[in-house]
Structure formats: structure tokens, C-alpha cells
Amino acid sequence: MPEILEVEATRRAVGAHALERPIVGVDAPDAWYLKRGLTPAVITAVLPGRRFVAARRHGKLLLLDTSPDAARADTDAGPTLGLHLGMTGRVLLDGDPTGDPLRYASNRDDRDWYRFSVHFADGGTLVMRDPRRLGAVLLDPDETRLGIDAFDVTTATLRERLGGRRSPVKAALLQQRDIAGLGNLLVDEILWRADLDPHRDASSLTAPEQRRLASAIRTTLRTLGRRGGSHTGDLMESRQPGGRCPRDGAPLRHDTVGGRSTWWCPKHQR
DNA sequence: ATTGTGGCCTGCCCGC
DNA sequence: TGCGGGCAGGCCACAA
């Protein structure tokens, strides 16, 4: 799924419904799904006795802070659980999927796809369901690997992060270490709205173009967020063979840019 | 150091 | 109906 809008929708759901519920158990049947050295033994030992106390998000990374361990009369704050949804991950809360339906993955509820589960004392669960296993569960993830959150981008930060980049502007926008949260669909929509050719070298953008791009990022996140997700862009339904630009009717071009499938209008994106 | 490429993993859809 | 190929909104390690 998951670009920043879907992760934000999940964050809101978790924040509204999964906080302050004592954790009594963890299922981590897929050790491969735990990343950066985390093991099933560690995660199943560390979460029970705690509660989630805050649901945060940095880019596409969902961060769940935990409380001190009640059983040990521990006063130190607990670790932070990091959930990354990858391309096909989805969080289920008490059996219900959060966020919007996946566009490029099955939305079937197959228990074989439950890669990680947290059980609450009240009988409820928080489950990561991921057919392709491209998501990840992390403990105390390193947030310094991520750049500024896409919701906070300004013209100034854009100039600072992209100004010196000698790569296609599309590839630069997808670099999570510079700007965190934008994925393939959002970037195509943003560049389409900003009238910019995705192949343009990021360092070649003029000051007005940088302003346009920053503005398009804000507008796109706000508009698509309201509509219900990354797949609700104006470009979305034309993103297929034979698709035409919704603005001027020109045939869209399809290329690979930054290693990703890219649809753009050669008439108004320059 | 930065940038580009390939790989990871599995499901689904299309054409034969 | 079955099968193979290609594609998919993620990230990471590696090579140049």
C-alpha cells in the first residue's frame, strides 16, 4: 500500500483504538519479517506487560511507543515498535483492516499472511498482514535514516535537500533519506500537478519550479488525503496503456525513472 | 560519496 | 482450464 497517506490513516486508527490496552502476548511466526537483528525471542519477551502509549509516524514508518513494564514495576519508558508496511502490508485492528484497500495486492483475509500479531488483555489484536512479506517489524528503529516528513516540506527544505542532487527529480523525491513518505504513485501525481518532467535533473530546477514543486507536494497530500489515499489522484485512472492526460488530452508516456514505473504527460510536464 | 541496478518475496492478471 | 511471463504503491545491498 503504503505511501504516507495510508500509513497516516493507519496511525490515526491505531492512535484512536489501540493505545492503553495491556499487551499479553505476541506472535512472530515469521522471523524473516523481523529486521535489523530483531528476533522472535526478543520481541515476544519485551512487549507483554506494556501498553502502546503513542502512535507516531515518520514518513512511511509507523512508530508505536510503549509504556514501562507493569509486571516489573519498571519506571523506564518502553521501547518503540516500528512497523513498515512495505508494498503490501496492512494493519488489522481487532480483525478490521485499517487504512484503505490495497491497490496492488490482495485484500483477502488469509491467515497465512499474518506475519506479526500483538494480543491485548481484552482479547483484541493488532495484526500485520502482508502477502508479499516486503514489510518489516523493527524495535527502536533508527529514525535518523529518514529525512524530513513529506507533510513538513517547504520550498526552503526542498531546495536544501534536492538542490544539489544530480539525478532525475522523480528519483530524488523517492529518496526516503531526503524526504520521507513519498512513493511512486504520489510522486507521479505531484510532478504532474507541478508541470515537471520526471526525468529533469533535480539540480536543474529553477526557484519558481522549486516553489511549484513544494506547493504541489502540499496540495497533493492534502487533496488526496481528503479523498482517501495515494490512489485517488487525478492521474490514477489514466495510468495504464492508452491513458491520456486528464488535463490536456495528450497521450501519456510510460517510462522507467529511478527504477520505477512512471506515467507522465510530455505536453505539459517540462 | 553519490547514483543506478538488481534483488528480495509472493500474488495476481493477461494472453496463449 | 492451466501455465508462463510480466508486473506490482516497498526497501536494501552492492557496483560503478
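This report walks through the strands, one helix and two cysteines of a predicted model.

**The five-stranded sheet**

Let us begin with the open sheet, which is built from five strands in the order β1-β7-β8-β5-β6, with antiparallel pairing. At its edges stand β1 (23–27) and β6 (96–97); each has a single partner strand, so one side of each is left without a neighbour in the sheet. Helix α1, covering residues 4–17, packs on this sheet and touches both β5 (90–93) and β8 (125–129). The direction of α1 makes about 20° with that of β5.

For the edge strand β1, the partner is β7 (residues 114–120), and four bridges join the two in an antiparallel run. If you would like a residue pair to look for on screen, try D27, whose bridge partner in β7 is S117.

**Strand β3 and its neighbours**

Next comes β3, which spans residues 61–66. It pairs with β2 (residues 52–58) through six antiparallel bridges, and with β4 (residues 80–84) through five bridges, again in the antiparallel sense. Two residues lie between β2 and β3, which form a hairpin, and G59 in the turn has a positive phi of about 60°.

The antiparallel pairings with a named residue pair are collected here.

| Strands | Bridges | Residue pair |
|---|---|---|
| β1 and β7 | four | D27 and S117 |
| β2 and β3 | six | R57 and L62 |
| β3 and β4 | five | L64 and L81 |

How many residues of β3 are buried? Six of the six are, so the strand is largely enclosed by the rest of the structure. In a regular strand, side chains alternate between the two faces of the sheet. For β3, L61, L63 and D65 lie on one side, while L62, L64 and T66 lie on the other, and all of them are buried, leaving both faces covered. Two of these residues also appear in the table: L62 is the bridge partner of R57, and L64 stands opposite L81 in β4.

**Two cysteines without a bond**

Finally, a look at the sulfurs. A disulfide is a covalent bond between the sulfur atoms of two cysteines. The count for this model is zero disulfides. C245 is in no disulfide, and its nearest cysteine sulfur is that of C265, 3.6 Å away. Why is there no bond between C265 and C245? The cut-off for a disulfide is a sulfur pair within 2.5 Å, and the sulfur of C265 is 3.6 Å from that of C245, so the two are too far apart for a bond. As for their surroundings, C245 counts as buried at 4% relative accessibility, and C265 is buried with a relative accessible area of 0%.

Terms used
Residues are numbered from 1 along each chain as its sequence is written. Chains are lettered from A and ligands numbered from 1 in the order in which they are written. This is a predicted model: local features need pLDDT of at least 70, side-chain atom pairs count only at pLDDT 80 or more; totals for chains, interfaces and linings use all residues. Side-chain values use heavy atoms; hydrogens and water are left out. Buried means under 20% relative accessible area, exposed over 50%, partly exposed in between (1.4 Å probe, protein chains only). Two strands pair if DSSP finds at least two bridges between them. Contact means heavy atoms within 4.5 Å. Axes are lines fitted to C-alpha atoms, for helices over the stretch in contact, and angles run from 0 to 180 degrees between N-to-C directions.
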